[in-house]
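Reader: I'd like a close look at the aromatic rings in this model, one pair at a time. Could you walk me through how they pair up and what sits around them?

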Amino acid sequence: MRILRRDFLPLNLETEIREAGIDGVVSVQARQTLEETRWLLSLSRHHDFIKGVVGWVPLTDPCVADHLEQLAGEGRLRAVRHLIQDEPDGYLQREDFNTGMGTLRGLGLTYDLLVRARQLPEAIRFVDRHPGQVFVVDHLAKPAIRANRLEPWRQDLKELARRENVYAKVSGLVTEADPGAWTEAQLSPYVAAALEAFGPDRLMFGTDWPVCLAACPYRQWHDIVCRLAESLSPAERASLFGGTAVRAYGLDVP
């Protein structure tokens with residue numbers, strides 16, 4: 001992970017997306033602080049290619065609605081995320097967390113669901129508590145690609161996808177494989193399973209940049225997903241590479 005131990009700023013990202021032919025991005029939180037969320041929102045005000053921000057707020061805080069109302073006026077806040085992947089089992093069933101979740105829908109905010117494959121059954125129960133809330137599953141729930149294990153991840157993802165308020169992001173897969181020894185053929189069944197479960201209208205391209213650099217460059221990952229989506233129609237590819245994100249996050253784009 002040595003390659004990640006430096007600053008990555010909007011000008012670095014703009015170079016990457018221009019080379020890949022990407023028009024705009026949604027930038028996602030990494031640290032669970034309000035300070036970082038405000039910083040990301042300030043970047044979105046000064047860099048038009050940042051079309052939306054997935055920030056962090058303390059959803060267990062009784063004053064979370066106040067935090068959200070303040071942040072909503074500071075920039076392009078479109079969603080909230082908490083690092084559930086690092087929390088103990090059962091976190092998604094906490095009453096204070098679920099109470100905080102109830103504040104998002106009224107503000108038109110999506111929730112990015114960052115879980116590991118083993119947490120999918122719990123995630124399904126959580127989503128069922130919030131049937132009107134829009135969700136985006138990050139990194140396809142981190143399947144065990146390094147072990148070449150598809151089940152029970154594939155069936156659990158398919159079950160979650162039965163909820164039409166849930167979208168998913170094709171991202172973060174190269175670092176779930178062996179960063180130094182992965183192959184495109186190894187990734188293909190996981191992308192195929194996601195397309196089967198969600199279809200291109202609820203699946204979106206993502207990169208997990210700059211973390212993906214530990215395994216491959218931005219442009220290489222973009223080209224891989226393009227090849228894995230070759231069987232899609234032009235309209236379906238347009239959805240995968242932009243339309244789904246616009247719908248899921250309610251982005252204000254031409």
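Author: Here's a walk through the ring pairs, followed by the parts of the fold around them.

Keep in mind that this is a predicted model. The count of aromatic pairs comes to 9. One of them is Phe 97 with Tyr 111, an edge-to-face pair with 6.3 Å from centre to centre and 80 degrees between the planes. Phe 97 belongs to helix α4 (residues 95-101) and Tyr 111 to strand β4 (residues 110-113), so this pair links distant parts of the chain, with the two positions 14 residues apart in the numbering. As for solvent, Phe 97 and Tyr 111 are both buried.

Now for a second pair, Phe 205 and Phe 241. The ring centres here are 5.1 Å apart and the planes sit at 40 degrees, so this one counts as tilted; the tilted class is what remains once planes under 30 degrees are called stacked and those over 60 edge-to-face. Phe 205 comes from strand β7 (residues 203-205) and Phe 241 from helix α10 (residues 234-249), so the pair ties together parts that are 36 residues apart in sequence. Are the two rings buried or partly exposed? Phe 205 has a relative accessible area of 14%, so it is buried, because the cut-off for buried is under 20%. Phe 241, at 25% relative accessibility, is partly exposed.

His 222 touches both of these rings, and it also touches Ala 20 and Ile 22. His 222 sits in helix α9 (residues 218-228) and is itself buried, at 9% relative accessible area.

Back to Phe 97 and Tyr 111, which belong to a bigger group. Ring pairs join them with Tyr 91, Phe 126 and Phe 135 into a cluster. Phe 126 is one of the buried residues of helix α5 (residues 120-128), and the others are Leu 120, Glu 122, Ala 123, Ile 124 and Val 127. What do those buried residues pack against? Their partners are α4, β4, β5 (135-137), α6 (153-161) and β6 (166-170).

The loop between α4 and β4 holds Thr 103. The Thr 103 side chain reaches the backbone oxygen of Gly 100 at 2.6 Å. Leaving aside residues up to four places away in sequence, Thr 103 touches Val 64, Ala 65 and Leu 68. Thr 103 and Leu 59 are 44 residues apart in sequence, yet their C-alpha atoms are 8.8 Å apart in space.

Those contacts of Thr 103 lead to the strands, since Val 64, Ala 65 and Leu 68 fall in helix α3 (residues 64-72), and the chain crosses through α3 on its way from β2 to β3 in a right-handed β-α-β crossover. Strand β2 (residues 50-55) is mostly covered, with 6 of its 6 residues buried. On one side of the story, β2 runs parallel to β1 (residues 25-28), and 4 bridges join them. Ser 27 stands opposite Val 53 in that pairing. The chain gets from β1 to β2 through helix α2 (residues 34-46), again by a right-handed β-α-β crossover. β2 also pairs with strand β3 (residues 77-82), in the parallel sense over 3 bridges, and there Val 54 stands opposite Ala 79.

Terms used. Residues numbered from 1 in each chain as written. Predicted model: local features only at pLDDT ≥ 70, side-chain atom pairs only at ≥ 80, totals over all residues. Heavy atoms only, no water. Phe/Tyr/Trp six-rings, centres within 6.5 Å; stacked < 30°, edge-to-face > 60°. Buried < 20%, exposed > 50% of the residue type's maximum accessible area, 1.4 Å probe, protein only. Contact = heavy atoms within 4.5 Å. Polar contact = N/O pair within 3.5 Å; in protein donor to acceptor, adjacent residues only side chain to side chain. Pairing = 2+ DSSP bridges. Right-handed = clockwise from strand over helix to strand, strands pointing away.
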